[in-house]
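Here is a set of exercises to work through with the model open beside you. Try each task before you read its solution.

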Amino acid sequence: MARYVIANRQAGRVTMAEKAASRAAVSVALDTMRSATIVEDHLSDDPLGRRTMIVEIDPAEAEARSRQLGPDVIVEPEIFYFHDIVPPIDKRRRLDAGPFDANAGALTTITVRVLGAGQPLAGAEVIVFTANDFGQQDRLVNRTDGEGQCKLTMMPGHRASAALAIPEGGFWVRVVRGPQIMAPIDCPPLPAAGPTDWWHRALRPGGVTATDGQGVRVGVADTGVWDHPTLSHAIWAGAFIGGAQFDPPQTRDVDSHGTHVAGTIGARPVQPGDYAGLAPGCDLICARIFESADSGASNADIANAIDELSQVHAADLINMSIGGGSPSRLIADAVSDAFDRGTLCLIAAGNSSGPVEFPARLNNVIAVSALGLEGRYPPGTLSASRLPASPSSFGRDGLFAANFTCFGPEIDTTAPGVGIIAPVPNRVSPDPLYGVMDGTSMACPAACGALAAALSRDATYLAMPRGFNRAAAAQAVLFAHTQSVRLASVIEGRGMLSV
């Protein structure tokens, strides 16, 4: 038995009769599946909205039935997508350490010490990458104690090759290699240089104002949002987990990624040094689609969140800093249906240094690649390691294509995504905390915020009724405000927003 998703198509169903028939088709489909056991059944509050079910079913039967059903029903495996911030080796997958050989030697325990500006740094995540002479690799993870120390145990025959020290906030992420792993790893403090920094100036040369984004509604589907002082205005839309929908209090961030993304779009500074979003005046609506910091977000939950943000909250834009999963007809349908309703989705291109990932390669979305800026990152930090190897990946004004960014003909625009400082949760005290992250996950909300700022100044767009033409107009505004950064079109698309 395997978990599958059954849902009705929404895109292209215009009349009430078409929508009712599409929703009813799910029940008909389920009746034909003898081995199916319902795990979760999510029905939109709108009687003509989407019905999404997660079932356990024999895969052979699911695939056979999916070929027999009409065009109103989607049947596909449960597929998961991720939100990585691109460490040197993929964080979301454990590497193959090989079988344990009791005769290969003793386990080795090492102690890693992390400092922040010379002082012991508690709560920092430490990732140590190890390898042996046969090319087998492993990844060890722990967090530092009150003395800034943690212990990690290596497999027999393995040696530590690299380590990451990832503070919860307030400091740059450090990467060290070889013997340096055994010396204290000192993370430099982040600058309290808000409200703006280089990514604001790149996208908003005229400066960010408190009214940027006013009149524009921006949805965020991510790991949730924290009650950071600069995000007190954010609307909590609830959580979409395991096919079910949970109340607004469950929107609280289970990681840091979602808060960082939301802050990059719409943070509103409340004290000196706070970093602003690109569109602090926008209406910000956040939904959680990840169960935990280490889990993926399923196609069912992503589609349900898109429906909620687009239909219930009337979002003009939705930011999705996710990728890495197989193509999903359900997500494609949700994105297309949202576009028909007037919602344009912006999606991170991916961080694998390869072709654009799904869902960013869908039609009617904006796929965003990531840029960095030379000379902006302290030596030894993870952000400083994002320089590309090829001279052709360096553009104008010190901008460069990050060495992790995905590329391809699907790229629509590019935006800063290296060394981005934005709000993160502070689970120890109520004091505001900021963290630094890299990724197309960061470039996507930077572009989203800049577009919201541009739309807020476009009276024609703001006056348009919701519908297909409004979403198409948002695309047109984006393309009208892009400028080349002198990179290949497969990297920059039409260029970077400058509004």
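**Exercise 1. Find where serine 353 lies, and decide whether serine 353 is buried, partly exposed or exposed.**

Solution. Start with the chain: serine 353 lies in the loop between β20 and β21. Strands here are DSSP runs of E with at least two residues, helices are runs of H or I with at least four, and both are numbered from the N terminus. Next, look at the backbone, where serine 353 has a positive phi of about 65° although it is not a glycine. Finally, check accessibility: at 36%, serine 353 counts as partly exposed (buried is under 20% relative accessible area, exposed over 50%, partly exposed in between, with a 1.4 Å probe and protein chains only).

Before going on, note that this is a predicted model, in which local features need pLDDT of at least 70, side-chain atom pairs count only at pLDDT 80 or more, and totals for chains, interfaces and linings use all residues. Residues are numbered from 1 along each chain as its sequence is written, and side-chain values use heavy atoms, with hydrogens and water left out.

**Exercise 2. Describe the phi and the surroundings of alanine 117.**

Solution. First, the angle: alanine 117 is not a glycine, yet its phi is positive, at about 55°. Second, the place: alanine 117 is found in the loop between β6 (108-116) and β7 (119-120). Third, the accessibility: with a relative accessible area of 47%, alanine 117 is partly exposed. As background, most residues other than glycine have a negative phi, and most peptide bonds are trans.

**Exercise 3. Locate the cis peptide bonds that precede proline 195 and proline 359.**

Solution. Take proline 195 to begin with: its bond from glycine 194 is cis, with omega near 15°. Proline 195 belongs to the loop between β13 (185-187) and α3 (198-203). Then move to proline 359, which a cis peptide bond joins to phenylalanine 358 with omega about 10°. Proline 359 sits in the loop between β20 (344-348) and β21 (365-373).

**Exercise 4. Work out the strand order of the open sheet that contains β1, β2, β3 and β4, and say which strands stand at its edges.**

Solution. Trace the order: the four strands run β2-β3-β1-β4, with antiparallel pairing (two strands pair if DSSP finds at least two bridges between them). β2 (37-43) and β4 (73-77) each have a single partner strand, so one side of each is left without a neighbour in the sheet. Neighbouring strands of this sheet are turned by 20° against each other on average, direction ignored. Now zoom in on one pair: β2 is joined to β3 (residues 51-57) by six bridges, and threonine 37 stands opposite glutamate 56 in β3. Last, add the helix: α5 (residues 299-312) lies across β1 (2-8), β2, β3 and β4, running at about 170° to β3 (axes are lines fitted to C-alpha atoms, for helices over the stretch in contact, and angles run from 0 to 180 degrees between N-to-C directions).

**Exercise 5. Follow β8 to its partners β9 and β11.**

Solution. Begin with the hairpin: β8 (residues 125-131) and β9 (residues 137-143) pair in the antiparallel sense over seven bridges. Within this pair, isoleucine 127 stands opposite valine 141. Five residues lie between the two strands, and glycine 135 in the turn has a positive phi of about 85°. On to the other partner: seven bridges join β8 to the antiparallel strand β11 (residues 159-166), where arginine 159 stands opposite alanine 131. Put together, the open sheet has the order β9-β8-β11-β12, with β9 and β12 (174-177) as its edge strands.

**Exercise 6. Determine how α7 and α9 pack, and which residues meet.**

Solution. Start from the geometry: α7 and α9 (residues 468-480) pack at an angle of about 105°, with their axes 10 Å apart. That makes α7 roughly perpendicular to α9 (under 35 degrees is roughly parallel, over 145 roughly antiparallel, 65 to 115 roughly perpendicular, the rest oblique). Then list the residues: Leu451, Ala454 and Leu455 in α7 meet Ala474, Val477 and Leu478 in α9 (contact means heavy atoms within 4.5 Å).
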